[in-house]
Amino acid sequence: MKPIIDILEQRIAPILAQLAPDIPNPSAIVKPSQDPRFGDYQANGIMALAKQLKTNPRELAQQVVDQLNVSDMCEPPEIAGPGFINFRLLPAWLTQKLTQAIQDPDRLGVDTLSDPKKVVVDFAGPNLAKEMHVGHIRSTIIGDVIARILEFGYNEPNNIIRQSHVGDWGLPFGMLVTYLRENTPEAASNPENIKIADLEEFYRAAKQRFDSDETFKQNAYKATVALHEHDQDTLEIWKHIVAESRIHAQAIYDKMNIKLRVEDERGESAFSKDLPDVVKSLADANILQESQGAQCVFLDGFKNKEGNPLPLIVQKSDGAYLYATTDLAAIRFRAKQLKADRIIYVTDARQKLHFQMIFACARQAQWAPENVSLEHVPFGSVLGPDNKPFKTRSGENVKLKDLLDEATQRALKVVEAKNPDLPPEQKQQIAQAVGIGAVKYADLSNNLVGDYVFDWDKMLAMEGNTAPYLQYAYARIQSIFRKGDIDTDQLLANTDVLQLDAPEELTLAKHLLRYGEIIETVVRDLRPHLLTNYLFELAQNFSSFYTNCPVLKADAESTITSRLLLCHQTAHTLAHGLNLLGIKTIKQM
RNA sequence: GCGCCUGUAGCUCAAUUGGAUAGAGCAUCGGUCUACGGAACCGAAGGUUAGAGGUUCGAAUCCUCUCAGGCGUGCCA
């Protein structure tokens, strides 16, 4: 089914078109009402339209209502205030629609969005030379969630292409190759034996040599040049170091429940051979200029501190290429080769200017035509308790592995306290789901723009807008099904007994039917916190229902079944939504 | 200097992008209290939306200025 907003708008649209033939696409602008006194949904567009028509808004609203037929789904619409139209959904209609949603376990009654797009989501993209640290956490979490939501919304998983633009081609690798040759020449001559137990230590040792020894430094530069010139020996060692590094990154992804595979990786090295052609093409298109020895593109509207045109530098004065060059190669590849309709970049807000320039350049070079949407999803920084970028006490980056381990440890303590009798392996599994879920949910549940303070106690607090609260609501429902020894298949064979009477039942049902509306909005606006908010409210509505409406102890058999169906659909929606957030549910906690 | 972002209850954040009396969660106070899992529920209190103007039926949201903080601003990514 379409979102209720869309149903109402589409019913009103032809009436508006007829009443205002000269206004292009007049819209009813239907929104959920904030206050129950104004019904379930309200149309806000009449007043703006009346303004344009220079007519009385309430009279216009009356004309709309006179012609509008929504009697199958709503009580008679009311005109209120300066010209709102308020809609109250009929229980019978809600029952029918919710029944349909229950009978559709794969999509929960959510329509596929009508314009399935081919989308590239660029996220994660760590530097493979080092272990992932807290600086990578947001892009990784948010990008994965955006990809998951698009996969569901467009219902064409193969059209959603994850791209991890890893750093695997720079000086750090020249350092690592040189260090490996120096310290373990036996591995360097047999690269397939390269094993790096501690990637961070390996990098640190190489960096120390680099900083303290001039000969080493020169060798590292040489190795980097050799790499870029595709020297066979160097390339062979590089390949195995990258493979080892990738194992470390993959371990983090697995732990975090991030859907990223080796095939999704297309980093600097993959575009390295395209870079000369990027510059040449810009020159051929007459948009390349030399300035202070560097090859630059000057784009309209970008100024530096002196107020002079700000260049996008694509080739340094020493001939080397930069990340701008690689990003341009990538954008061209994604638009032309992958044929993406939307290209989404999930990076730090500090890169905003960079992407504005990259996008402008790609447009000017006609690598991304106007019908390809280029979208930067910027997000703020993770701060420590001192409101400064999150670091360890000694001022180093917090390793993602350590952070995730601590999350699990802390969650395990809580599980031990609450449920000491569970088998140890189950406690471990719960701690994993709760700890990782808490970290991810904390990251996703606020508006992306703006920094947030990393606070263990708040994210793992078992009350409030947190992952554990949602997981708890899910676990409680599972408990009902265990206690009542309910067979879900048998239950779902009786969906026609659904009946909504109690106010808590109606509130819950209305909320369940808004799932598609939320999905549609998030697919369009790429704001995951709208989904976390929705799920939190769902859990709250359920808790209220749960305390006020006995399920297994209800008076009539039909009420029991009906309420079990509500429970089932709530649990199913919670699990589905949490899965879109990359967060696991557990049956007990 | 210029540009971008942020400023909402004591704290952390919302407000479906211009809609009705700005909502949640923590914390505080009060209630439910042998419970289909109390990791819960119900209620109270808490606001000049940083400040000042403006736009209009209507502004936290749009415009102008001011204040405070963060980030960026040519060869790092």
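1. Contact here means heavy atoms within 4.5 Å. With that in hand, start at Asn-86: leaving aside neighbours within four places in sequence, Asn-86 is in contact with Phe-38, Tyr-41, Gln-42, Pro-77, Glu-78 and Ala-80. Asn-86 sits in strand 4; helices (H or I, at least four residues) and strands (E, at least two) are DSSP runs, numbered from the N terminus. Asn-86 is also buried, at 5% relative accessible area. Buried means under 20% relative accessible area, exposed over 50%, partly exposed in between (1.4 Å probe, protein chains only).

2. A word on the ground rules. This is a predicted model, where local features need pLDDT of at least 70, side-chain atom pairs count only at pLDDT 80 or more, and totals for chains, interfaces and linings use all residues. Residues are numbered from 1 along each chain as its sequence is written, chains are lettered from A and ligands numbered from 1 in the order in which they are written, and side-chain values use heavy atoms, with hydrogens and water left out.

3. On to the layout. Chain A splits into domain 1 (4–89), domain 2 (119–126 + 136–165 + 273–383), domain 3 (171–264) and domain 4 (400–580), with bounds from an automatic or database domain assignment. The centres of domain 1 and domain 3, taken over C-alpha atoms, are 63 Å apart.

4. Now the RNA. Strand B has 71 residues around it, the closest being Lys-31, Lys-51, Lys-316, Tyr-323 and Asn-447; a residue is near a strand if one of its heavy atoms lies within 4 Å of it. Helix 22 (529–548) is among the elements that each supply at least two residues of this surface, and helix 22 gives the most, with nine. Sugar or phosphate accounts for 54% of the RNA atoms within 4 Å of the protein, and bases for the rest.

5. Some polar contacts (pairs of N or O atoms within 3.5 Å) are worth a look. A side-chain N or O atom of Lys-553 lies 2.9 Å from a phosphate oxygen of RNA strand B. A polar backbone atom of Leu-552 is 3.3 Å from a base oxygen, and a polar side-chain atom of Thr-547 is 3.4 Å from a sugar or linking oxygen.

6. Last, helix 14 (352–364), which also supplies at least two residues of the surface near the RNA. Its buried residues are His-354, Phe-355, Met-357, Ile-358, Phe-359, Cys-361 and Ala-362. They pack against elements including helix 12 (275–284), helix 13 (323–337) and strand 10 (342–348). Just after helix 14, Gln-366 takes a positive phi of about 60°.

Methods:
Polar contact = N/O pair within 3.5 Å; in protein donor to acceptor, adjacent residues only side chain to side chain.
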